[in-house]
Amino acid sequence: MNQYLYFLKPTRLGMVTEGPTPEEAEIVSRHYAHLESLTEKGVMILVGRTQNRDESTFGIAIFEAEDDLTARAIMESDPAVREGVMRVELYPYQVALMRK
């Protein structure tokens with residue numbers, strides 16, 4: 001299996017500086033549940049976000065996929081990506097060290 005990372009940034013900065021709209025909150029809730037499910041299935045390796053609430057905030061999802069096409073499909077299946085709440089970039093990635 002290959003490893004990938006997708007980098008997420010909020011489409012609307014106010015979502016993190018002022019708080020999400022009810023629609024954004026619902027989408028982010030589905031985003032979290034989706035990533036939690038993929039983690040439980042062994043697809044996601046690590047998922048998280050920075051805790052700052054300004055324009056530099058971002059999230060990452062590190063995961064495994066068979067190939068680039070499958071990796072893109074996994075990324076695009078994320079509700080926050082599908083609904084346009086987050087913009088993303090996909091990168092081939094390789095975990096080099098990990099705490100035991």
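This is a selection-by-selection tour of the salt bridges and aromatic contacts in a predicted model.

**Stop 1: E24 and R12**

Begin with the charged side chains; a search of the whole structure finds 4 salt bridges. Select E24 and R12, which form one of them, and look for the closest N and O atoms, 2.8 Å apart. The two residues are 12 residues apart and link distant parts of the chain. E24 sits in helix α2, residues 22-40, while R12 is in the loop between β1 (2-10) and α1 (14-17).

Now switch on a surface. Which of the two is buried? E24 is, because its relative accessible area is 10%, and the cut-off for buried is under 20%. R12 is partly exposed, with a relative accessible area of 33%.

**Stop 2: E26 and R30**

Stay in helix α2 and select E26 and R30. Their side chains meet in a salt bridge with an N to O distance of 2.7 Å. Why are they about one helical turn from each other? Because E26 and R30 are 4 residues apart in helix α2. With the surface still on, E26 counts as partly exposed at 39% relative accessibility. R30 counts as partly exposed too, at 29%.

**Stop 3: E83, added to R30**

Keep R30 selected and add E83. These two form a salt bridge whose closest N and O atoms are 3.9 Å apart. That distance still qualifies because the cut-off is within 4 Å. Where does E83 lie? E83 is in the loop between α4 (79-82) and β4 (86-93), whereas R30 is in helix α2, so the pair ties together parts that are 53 residues apart in sequence. E83 is partly exposed, its relative accessible area being 41%.

Show E26, R30 and E83 together: the three are linked in a network of salt bridges. R30 takes part in both contacts just visited, with E26 at 2.7 Å and with E83 at 3.9 Å. As background, side chains of opposite charge can pair when their charged atoms come close.

**Stop 4: the aromatic rings**

Clear the selection and turn to the rings. How many aromatic pairs does a search of the whole structure find? The search finds 3. Select Y4, Y6 and F63, which form one aromatic cluster. Of the elements already visited, β1 spans residues 2-10, so Y4 and Y6 can be picked from that strand.

How values were computed. Residues are numbered from 1 along each chain as its sequence is written. This is a predicted model: local features need pLDDT of at least 70, side-chain atom pairs count only at pLDDT 80 or more; totals for chains, interfaces and linings use all residues. Side-chain values use heavy atoms; hydrogens and water are left out. Rings of Phe, Tyr and Trp (its six-membered ring) pair if their centres lie within 6.5 Å; planes under 30 degrees apart count as stacked, over 60 as edge-to-face and the rest as tilted. Buried means under 20% relative accessible area, exposed over 50%, partly exposed in between (1.4 Å probe, protein chains only).
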